[in-house]
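Hi,

Here is the structure you asked about. Please open it first, then read my notes below.

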Amino acid sequence: MSDRQCTVLLYSDDPKVRDRMRLAVGTRPAPGLVLEFVEASDYAECVRLVDDYEIDLMLLDGEASPGGGLGIARQIKDDRDDAPPTCVVIARAADRWLAAYAQVDATLVHPLDPVTTGTTVAELLRPRAAA
């Protein structure tokens, strides 16, 4: 089986948070899966990257400001029939109900655990990698 390359969009207004997300996911979260990352620091950049690239997964910071990842996830899901799977990193597990309203596919909680993060990302990417 050959490796499948997938593109993950990392969104946060804080470059340190984007670095932590990238490190928690890694470039090989599962056998046969190789990741490349593109980064956005605001809403407009997110939309541009989703429009310009084939994004396989959006990993969004729910605590970003002024545009939080939950709002961006909901907007992109509402605007696009072909929206990529979305995972939002939230600060409180209790905010999962907001994530459900935003139609995200998965949530992770700050601080990111590398094992849980890699597993979650791999599970979201497997259906797209098989296509």
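Asp61 counts as buried because its relative accessibility is 3% (buried means under 20% relative accessible area, exposed over 50%, partly exposed in between, with a 1.4 Å probe and protein chains only). This is a predicted model: local features need pLDDT of at least 70, side-chain atom pairs count only at pLDDT 80 or more, and totals for chains, interfaces and linings use all residues. Residues are numbered from 1 along each chain as its sequence is written, and side-chain values use heavy atoms, without hydrogens and water.

Asp61 sits in strand β3 (strands are DSSP runs of E, at least two residues; helices are runs of H or I, at least four; both are numbered from the N terminus). An unreviewed UniProt entry lists Asp61 for "modified residue: 4-aspartylphosphate". Such annotations may be inferred rather than shown by experiment.

What does Asp61 touch, not counting residues up to four places away in sequence? Its partners include Tyr11, Asp13, Val17 and His110 (contact means heavy atoms within 4.5 Å). The side chains of Asp61 and Ser12 also share a polar contact of 2.8 Å (a pair of N or O atoms within 3.5 Å, one able to donate a hydrogen and the other to accept it; residues adjacent in sequence count only if both atoms are side-chain atoms).

Now helix α1, residues 15–25. Val17, Arg18, Met21, Ala24 and Val25 are buried there. Seen down the axis, these buried residues fall within an arc of 130°, so they line one face of the helix (the arc is that of the directions from the helix axis to the C-beta atoms). Lys16 and Leu23, on the other side, are exposed. Just after α1, Gly26 has a positive phi of about 80°.

Best wishes
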